[in-house]
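Work through the exercises below with the sequence and the model open side by side. Each task is followed by a solution in steps.

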Amino acid sequence: MIYLKNRLTELYLVSLAILTMGIFESTTEGFYSGVIKLSVGAIFLVFAITSHVKYNINRKQLERELSKEYDERDDVIEGKAAHVTLKILMIAIFLMMFLSKWIAIPTNTALFIMLLFSSMISVLAKKYYNHVL
């Protein structure tokens with residue numbers, strides 16, 4: 001991208017230099033060579049402007065595609081993290097149900113443990129899938 005920006009700047013500078021050379025030559029030395037340099041400079045300037053416009057359009061389109069790809073990646077991460085969290089939460093619920101036969105666990109404590117457990121698993125799963133994907 002930086003190379004293309006430098007290239008566009010170079011095209012502008014070259015076209016303006018040829019245009020100024022053509023202006024000076026048409027007034028001082030010869031009309032015919034000045035007109036040729038003016039036309040070549042104008043052609044280079046038109047080429048530089050169209051290249052710049054195409055570059056800006058392609059850059060915006062590329063940024064849109066990359067942001068869409070990034071959004072899709074975030075959706076995949078969220079989905080996988082939710083799936084893992086749900087599986088582990090189900091295992092924890094079955095474990096709490098099994099343990100509640102022998103140990104008296106207050107309802108508020110059990111719900112608080114499940115809430116902490118699911119939030120920790122969700123954060124860890126997101127970090128893992130963000131690193132993996």
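The exercises go from the whole chain to single residues, and the model they use is predicted.

**Exercise 1. Overall form**

Task: State how many helices and strands the protein chain has, and decide whether the chain is a compact globule or more spread out.

Solution.
Step 1. The secondary structure consists of 3 helices and 0 strands. Read from the N terminus, the order of elements is α-α-α.
Step 2. For 133 residues the globule rule gives 14 Å, while the radius of gyration of the protein chain is 33 Å, well over that value, so the chain is more spread out than a compact globule.
Step 3. Along the principal axes, the C-alpha atoms fill a box of roughly 105 × 20 × 15 Å.

**Exercise 2. Surface, contacts and charge**

Task: Find what share of the residues is buried, what part of the accessible surface belongs to carbon and sulfur atoms, and how far apart the centres of the positive and negative side chains lie.

Solution.
Step 1. Of the 133 residues in the protein chain, 17% are buried.
Step 2. The accessible surface is about 10400 Å², and carbon and sulfur atoms account for 71% of that area.
Step 3. Counting contacts between residues at least 6 apart in sequence, 69% join residues at least 24 apart.
Step 4. There are 14 positive and 11 negative side chains, and the centres of these two sets are 8 Å apart.

**Exercise 3. A residue in the first helix**

Task: Locate S15 in the secondary structure, classify S15 as buried or exposed, and list what S15 touches beyond four places in sequence.

Solution.
Step 1. S15 belongs to helix α1, which covers residues 2–28.
Step 2. The relative accessible area of S15 is 0%. Buried means under 20%, so S15 is buried.
Step 3. With residues up to four places away left out, S15 touches G41, F44 and L45.

**Exercise 4. The aromatic pair**

Task: Identify the residues of the aromatic pair and name its geometry.

Solution.
Step 1. The structure holds 1 aromatic pair, formed by F98 and W102.
Step 2. Two quantities are needed, because a pair of aromatic rings is described by the distance of the centres and the angle of the planes.
Step 3. For F98 and W102 the centres are 4.7 Å apart and the planes are at 70 degrees. Planes over 60 degrees apart count as edge-to-face, so the F98 and W102 pair is edge-to-face.
Step 4. F98 has a relative accessible area of 45% and is partly exposed, whereas W102, at 61%, is exposed.

**Exercise 5. Separation in sequence and in space**

Task: For K54 with S119, L133 with R73, and L124 with T85, set the sequence separation beside the C-alpha distance.

Solution.
Step 1. K54 lies in helix α2 (residues 31–99) and is exposed at 58% relative accessibility. K54 and S119 are 65 residues apart in sequence, with 47 Å between their C-alpha atoms.
Step 2. L133 is in the segment after α3 and is partly exposed, at 44% relative accessible area. L133 and R73 are 60 residues apart in sequence, with 7.8 Å between their C-alpha atoms.
Step 3. Apart from neighbours within four places in sequence, L133 is in contact with R73, V76, I77 and K80.
Step 4. L124 sits in helix α3 (residues 107–132) and is exposed, with a relative accessible area of 54%. L124 and T85 are 39 residues apart along the chain, and their C-alpha atoms are separated by 9.3 Å.

Terms used
Residues are numbered from 1 along each chain as its sequence is written. This is a predicted model: local features need pLDDT of at least 70, side-chain atom pairs count only at pLDDT 80 or more; totals for chains, interfaces and linings use all residues. Side-chain values use heavy atoms; hydrogens and water are left out. Helices (H or I, at least four residues) and strands (E, at least two) are DSSP runs, numbered from the N terminus. Buried means under 20% relative accessible area, exposed over 50%, partly exposed in between (1.4 Å probe, protein chains only). Contact means heavy atoms within 4.5 Å. The radius of gyration is taken over C-alpha atoms; the globule rule is 2.2 Å times the number of residues to the power 0.38. Accessible areas come from the Shrake-Rupley method with a 1.4 Å probe; for residues, only the protein chains shown count as cover. Lys and Arg count as positive and Asp and Glu as negative; His and the chain ends are not counted. The place of a charge is taken as NZ of Lys, CZ of Arg, CG of Asp or CD of Glu. Rings of Phe, Tyr and Trp (its six-membered ring) pair if their centres lie within 6.5 Å; planes under 30 degrees apart count as stacked, over 60 as edge-to-face and the rest as tilted.
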